[in-house]
Structure formats: C-alpha cells, structure tokens
Amino acid sequence: MTEVKAELVGSVWKITSKPGDEVAEDDVLMILESMKMEISVTAPRAGKVREIRVKETDVVKEGQVLVVLE
Amino acid sequence: MSEDYSAKISELKSRREQNLGMGGKEKIAKQHERGKLTVRERIDLLFDKDTFVEFGLLASQQAVRGGEPDTDGTPADGVVTGHGEVEGREVWVIAYDFTVMAGSMGAVGEQFKAARVRELALRYRRPIVWLLDSAGARIQEAAGSTFAGTGYLFYDQVVMSGVIPQVAAMLGPCSAGTAYIPGLADFVPMVKETSSMSLGGARLVKAATGEDVTDHDMGGSQVHCYESGVGDNEVEDDRGCIAMVRRFLSYLPSSNTDEPPFRATDDSGDRDVDGLEKIVPTNPRAAYDVKRVIKAVFDRDSWFEIKPAWAKNIVVGFARAGGHAVGVVANQPMQKGGILDSDSADKAARFIRMCDAFNVPLVYLMDVPGFIVGSQVEKEGIIRHGAKMLYATSEATVPKVTVIMRKAYGAGYYVMCGKGYQPDLIVAWPLAEISVMGPEGAVNIIFNKQIEASANPKETRGQLIETIRSQINPYLAAGWAMIDDVIDPAETRRVIIRGIEQARNKKVERPWRKHGNIPV
C-alpha cells in the first residue's frame, strides 16, 4: 500500500483517476491548483488505485493523503 | 657507483615501494570487494596522465601522545597528498587510504601532510580536492585532552572559502567531525551505496543516544542528495564520481583572481533556438520541464546540473554560452509548479554565491509563480530562507542576465534578478506576466468593496479580473523601459551571449564593510 500525499497546500482542481484504475508509474492521478499553477499529482509507482480521499474543490494541506495505491 | 651509495638508493626504492603498496594485498582486495577503488587508482583517474607529484609518500604513523605506532607499518600515514593536473591546470589533493588504518586521520597525516596541502594550495591559489574514505579521527591518537590542539582544518577551509574551489568527493565513510569537510566544500558528489557522512558514526550514535542505525542508512547518498541537501550529486561508482569532479572543475577558475576557462564551441552563438514553442505552453498554468529549455539554449552538451535530486522546484548548474562558463538559475514549473520554498531558496542562494565568488556569470531563467505562502511555511522560516536568495542575488557582482520566460510574480521576480537587482541585461518573452500577484488574488484586495456592493458579485469580480489582467503584459514594463527588451524566444541564445559579453569588464564598487550579514 502506498499513500500519495500533497506536496504543498492547494485545492483539488481535477481528479483524473478513480478507484480500481490500474496506473503506471508517473501517471497523473489528480491535478491540484496552488499559487496560479496546475500541479500534477503522479503515481510514485505502478499499481491499482484503492482509494481517493479527496473531492474536487477540497482544500488540502501539505502532507495530506490524497490517494492510496495498492 | 660505490656499493655504499647503491645500498642507500636501494633502501630509498624499497621504502617507496613499501608505501606505494598501501595497506597490502589483503586490504586492497577487500577495498575492491566493497566496490571501491584504491586511493592510488583514484588519483590516477583524477589527474591527467603522469602529472601527479606526491608529497609525504614516506610518512608513517609516529609514536605520539603515548601511543605505539602500528607494527604493520602505516604507509603514507593513511593519506596520499600532492598535486597534479586536471585538464592542464594544477590541482591539489588530500586522498584518504582506507586500506591503512581505515583511512583514519592521524597526527602525521593531518597535522603535517593535509595541513601542508592546504597551505600550499592557498599559497599558489589552486583548487583542493579531498577524496574521502575515512573512519574519521584516529581515536588511538586523538582521545584525551590533546584534542585541544586540533581543528585547524575547518578553520583553514573557511579561510580558503571563496578564494580557491574546494571539492569533497565522497567515496566511502566520512563520519564524526570530518563530515564538516564536505559541509564546508563547494561541491560534494557522493557515490551510491559505499559513501556516507554523518556527524557521528553508527557506533558513536549507539553509544551516545542508543539509536541503532547503520552509517549508510543514516548518511548515505539517499539521505544527503535527496533529503538533507548536504550532498550535491549522487553517482554510481568511484569512476563516475571522479569524472564528475574533473567536470565540475572545468567550469571554475583556479582561484577567485582568475577567470573561468573559455571553451570554444562549434555551436553557433548566433543560431535561433528552435522548438521552444513546443516546450513552453502559452497557458501560464501549465507545467513543462525547464531543463529542456536550458539544453536547447546553451552550448551543446554543456549543461552540468548541481543538486538535481534535492529542492527540484529550482534548477541550478553550470553551462556554457558561446564558450563562456555561466551559472544557470531556473525555476522548474514541473516540480511544485516552480514555486519557491525554503529549500529551493537555500539551494539557489548557495549556488549563486559560489558563482559570484569564482567570477562565473549568472543567467536567470524566470518562470516563477512566487514564494509559497501560509502558516506551514512561516513556521519553517520562509522569510529567513527566502531572504538568503534575495541577499545572494543582490550581493552578486558578476555579469547577470535575466530572461523572463513566463511568470514573474511578487518576491519571486526579485530573487530571480528582477530590475532592482542590477541585471546587466533583462529581457522578457512575449508570454511574460510581471506583477506583484496574479489578477485573481489582486482583485479581492483592490476591489473588495466594489465586489461586495455589486448586485452580481461573481460577474463584477470576473470583469475586474479581466481589467487587471489587461495590465499584466511585458509591453507595459518595456514601455516604461523597466526591462531592456521583449524578445522572440528563438533569440534567447544570442541575447544571453551578448549580455554576458557586454558585461565582461563589469566593476561594481560597494561601500566598505567587513562583511555583510547574510541571513542563515
């Protein structure tokens, strides 16, 4: 199990994956918006998306778990 | 030759051979088993062929401070010292020999041999390279209060800082106080798996705090090149590490009174830079890899990145522009959107100061949404860290060229060498957005009352955002002559080269002071 965390504070702009998806390393899981930039959250390794812990427009903190891969 | 005389010569030869043999066949085999080269193999790789001149080959451990010398002999006292040439220029070396008492730093090796190299390198204004593979202080000689007479090496390193380049190549362990050698050096490549550095080695840590950890887990390249930022570049093996040391030195002068070496190139200084429109999106929110821009703009194959795996939201390293060595500072939109934070400001400040100390011109490639804000970063002291970069950019008196590619927001614009920071040339691409903040943020501050009073606040806000947005374009800054020009991105290469060449005779007079007080 791998937790994918927010690397900085921001809001969830677009979620581009869903539970059950098979993803490869570096695939984009969601896009955060912070400081006028779109910041891609990518899979640190290949795996299956087990859980998405946020929804679009949510404000997230640095280090908050966004996605759980299995 | 008399028999007497030849006996004397053969004694000399055998003493030399003995010490060239390092710690003996067994220890050498063990060194190789660990995936490491011997100290003499490393020195052969470091210097141009047959240029190494050794000092202190015949040294060995002496009976000092009540200790008995090692009965097996301690060739060169565990440290090989001298000078040789790197691409035809003199460089001095202090190289620890792990096959002799684990490369531990003994009284002879430290107080006489290494000290002599530091003294002579400084006297002749030549770079020093440490090849580190050492268990640290030789406790047999150092335990006890004669410790009071040690520590000169770091003092010397500080005196040499900014005068001659200092490289600490990590090729094995480097623990205890000796970890300050890399701590003070200008460049610290680390070999994966075999090298480590920590203020206290594993055994000391266990005794002092009870923590059970290996030297590698505590201070390997996976820690220092990725998390702490103490190491610069991780390399696969000794060979790669030493090749990287040679490459690093190729961008720097021998001392702060020289210019960096010029390297002629067949890559035309006048050529258009093709393909930038395919790399940099016009949508200012979209990310891209700024290293592709760097590789396209500077001399072919000249890019040498430093600290590539730490604080990746800023990219720093050396390159050449029309043959001139330059230091590149570039925001990296692909990492954290290119936003500046504490670590990235530290990384840039340290690099900028190194370039300034050694007369390497700076090129800033700007695309910065600003500094990260919020309660989390205030706790880590973002103001103090950001101020280092502000300080370093202001302090730098080498030629400075600024290219505003896209975003130039807030204090990000300042630290990336905005107009106020005395760039010798500052230009913008047509995509440039220069402003204290983005329209979405500004509108809430400037027109707060107007939006609240509106019958349709959302629509009013939208209109006002557009009003502000229309004020954010490079022609406004160029119209005020606050920037020197707006350029076609394809012109970037020749504009940078002209900027560097234009400023070659730069002299900046500052008020006398002992030294400034950089926030640390």
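Student: What does the secondary structure of chain B come to?

Tutor: Chain B has 22 helices and 16 strands. Keep in mind that this is a predicted model. The C-alpha atoms of chain B fill a box of roughly 105 × 55 × 45 Å along the principal axes.

Student: Which domains does the assignment give for chain B?

Tutor: Domain 1 covers 3-250, domain 2 covers 276-432 + 473-502, and domain 3 covers 437-472. Between the centres of domain 1 and domain 3 of chain B, taken over C-alpha atoms, there are 62 Å.

Student: How do you know that the span of helix α11 of chain B agrees with what it should be?

Tutor: Helix α11 of chain B (residues 238-250) has 13 residues. The expected span is 1.5 Å times one less than the number of residues, which gives 18 Å here. The end C-alpha atoms of this helix are 19 Å apart, so the two values agree.

Student: Which residues of that helix are buried?

Tutor: Among them are B:D238, B:C241, B:V245, B:F248 and B:L249. B:F248 also belongs to the largest nonpolar core, which has 74 residues. Along with B:F318, B:V329 and B:M389, B:F248 is one of those with the most contacts inside this core. Helix α14 (residues 342-357) of chain B supplies the largest share, seven residues. The core also draws at least three residues from each of domain 1 and domain 2 of chain B.

Student: Is there a general idea behind a core like that?

Tutor: Yes: in soluble globular proteins, nonpolar side chains tend to be buried together.

Student: What makes B:R118 and B:D156 a salt bridge?

Tutor: The cut-off for a side-chain nitrogen and a carboxyl oxygen is within 4 Å. The closest N and O atoms of B:R118 and B:D156 are 2.8 Å apart, so the pair counts as a salt bridge. B:R118 lies in helix α4 and B:D156 in helix α6 of chain B, so the pair ties together parts that are 38 residues apart in sequence.

Student: Why does B:R118 count as buried?

Tutor: Buried means under 20% relative accessible area. B:R118 has 5%, so it counts as buried. B:D156 has 23%, which falls between 20% and 50%, so B:D156 counts as partly exposed.

Student: How do you know that the salt bridge of A:E38 and B:R285 crosses between chains?

Tutor: A:E38 sits in strand β5 (residues 37-42) of chain A, while B:R285 is in the loop between α12 and α13 of chain B. Their side chains meet at 3.0 Å, N to O. With 16% relative accessible area, under the 20% cut-off, A:E38 is buried.

Student: Why is A:K55 called exposed?

Tutor: Its relative accessible area is 55%, and exposed means over 50%, so A:K55 is exposed. Its salt-bridge partner A:D58, with N and O atoms 3.1 Å apart, has 19% and is therefore buried.

Student: What makes B:M482 partly exposed?

Tutor: Its relative accessible area is 41%, which lies between 20% and 50%, so B:M482 is partly exposed. B:M482 is in the loop between α21 (474-479) and β16 (485-486) of chain B. With B:L476 and B:W480, B:M482 forms a nonpolar surface patch of about 350 Å² accessible area together.

Methods:
Residues numbered from 1 in each chain as written. Chains lettered and ligands numbered in written order. Predicted model: local features only at pLDDT ≥ 70, side-chain atom pairs only at ≥ 80, totals over all residues. Heavy atoms only, no water. Patch = residues over 30% accessible without salt bridge, like charges linked within 9 Å, V, L, I, M, F, W, Y side chains within 5 Å. Areas by Shrake-Rupley, 256 points an atom, 1.4 Å probe, with all protein chains shown as cover. Helix = DSSP H or I, 4+ residues; strand = E, 2+ residues; numbered from the N terminus. Buried < 20%, exposed > 50% of the residue type's maximum accessible area, 1.4 Å probe, protein only. Core = buried A, V, L, I, M, F, W, Y, C linked by side-chain atoms within 4.5 Å. Domains from an automatic or database assignment.
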